Amino acid sequence: MKKLITALVLGLLTTSAFAATVPVAGEVTKINAAQNKITLKHGPITNLDMGAMTMVFTVADPAMLGAVKVGDKVTFEADRVKGKLTVVTLTAAN
Ligand SMILES: [Cu+2]
């Protein structure tokens, strides 16, 4: 029984809700400043259990959108914030 409980605790600790964000490579395909959103073609996001795809994210800070433009290669970190998939850091790759 003790082993089972330990396994359950370890299982909880390894779910994505507890995982730290990791840097991900992406490319900006669309910027929607009015809605505070950015579309990124991105590689796998391990902390969100997500494979490579193109999708829309909310940005944590509207100023992020002024620092990049469509076509830019970027490095970003994403997390689930208040139920929304959110870009929490964003930097142009070069
Ligand atoms: Cu995605």
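This is a short chat about reading the strands, loops and core of a predicted model.

Reader: Let's start with the strands. What do they close into, and in which order?

Author: The general idea comes before the case. Strands of a sheet pair through backbone hydrogen bonds, either parallel or antiparallel. In this predicted model, 5 strands close into a barrel, and going around you meet them in the order S1-S2-S3-S5-S4, with mixed pairing. From one strand to the next, the twist averages 55 degrees.

Reader: Which strands does S1 pair with, and in what sense?

Author: Take strand S2, residues 37-42: S1 pairs with S2 in the antiparallel sense, over 6 bridges. Strand S4, residues 73-81, also pairs with S1 (residues 24-32) in the antiparallel sense, here over 4 bridges. You can trace that pairing residue by residue: alanine 25 has threonine 75 of S4 as its bridge partner, and glutamate 27 has lysine 73.

Reader: Where would I look for the parallel sense?

Author: Go to S3 and S5, which pair in the parallel sense over 2 bridges. There, threonine 58 stands opposite threonine 86 in S5. S4 and S5, on the other hand, run antiparallel and are joined by 8 bridges. One pair to find there is alanine 78 with its bridge partner in S5, valine 87.

Reader: Now the loops. What should I know about the sign of phi?

Author: Most residues other than glycine have a negative phi. So a positive phi in another residue type is worth a look, given that general rule. Asparagine 36 is a case: its phi is near 65 degrees, a positive value in a residue other than glycine. Asparagine 36 sits in the loop between S1 and S2, and that hairpin has 4 residues between the strands.

Reader: Which residue of the hairpin of S4 and S5 takes a positive phi?

Author: Lysine 82, with a phi of about 50 degrees although it is not a glycine. This hairpin has 2 residues between the strands, and lysine 82 lies in the loop between S4 and strand S5 (84-92).

Reader: Are those two residues buried or exposed?

Author: Count the neighbours. Lysine 82 has 6 other C-beta atoms within 10 Å, so it is exposed; the cut-off for that is 12 or fewer. Asparagine 36 has 15 of them within 10 Å, so it is partly exposed.

Reader: How many C-beta atoms lie around glycine 26, and is it buried or exposed?

Author: Glycine 26 has 26 other C-beta atoms within 10 Å, so it is buried; being buried takes 20 or more. Glycine 26 belongs to strand S1 and stands opposite histidine 42 in S2. Leaving out residues up to four places away in sequence, it touches Leu40, Lys41, His42, Gly43, Val74 and Phe76. Sequence distance can hide what space shows: glycine 26 and glycine 71 are 45 residues apart in sequence, yet 9.9 Å apart from C-alpha to C-alpha.

Reader: Which residues of the largest nonpolar core touch the most other members?

Author: Out of 13 residues in that core, they are Ile38, Phe57, Phe76, Ala78, Val87 and Leu90. Each of S1, S2, strand S3 (53-59), S4 and S5 supplies at least two core residues. S4 gives the largest share, 3 residues. Try leucine 90 as an exercise: beyond residues up to four places away in sequence, its contacts are Val59, Met64, Ala67, Val68, Val74 and Phe76.

Definitions and conventions. Residues numbered from 1 in each chain as written. Predicted model: local features only at pLDDT ≥ 70, side-chain atom pairs only at ≥ 80, totals over all residues. Pairing = 2+ DSSP bridges. Axes fitted to C-alpha atoms, helices over the stretch in contact; angles between N-to-C directions. Contact = placed C-beta atoms within 7 Å. Core = buried A, V, L, I, M, F, W, Y, C linked by C-beta atoms within 7 Å.
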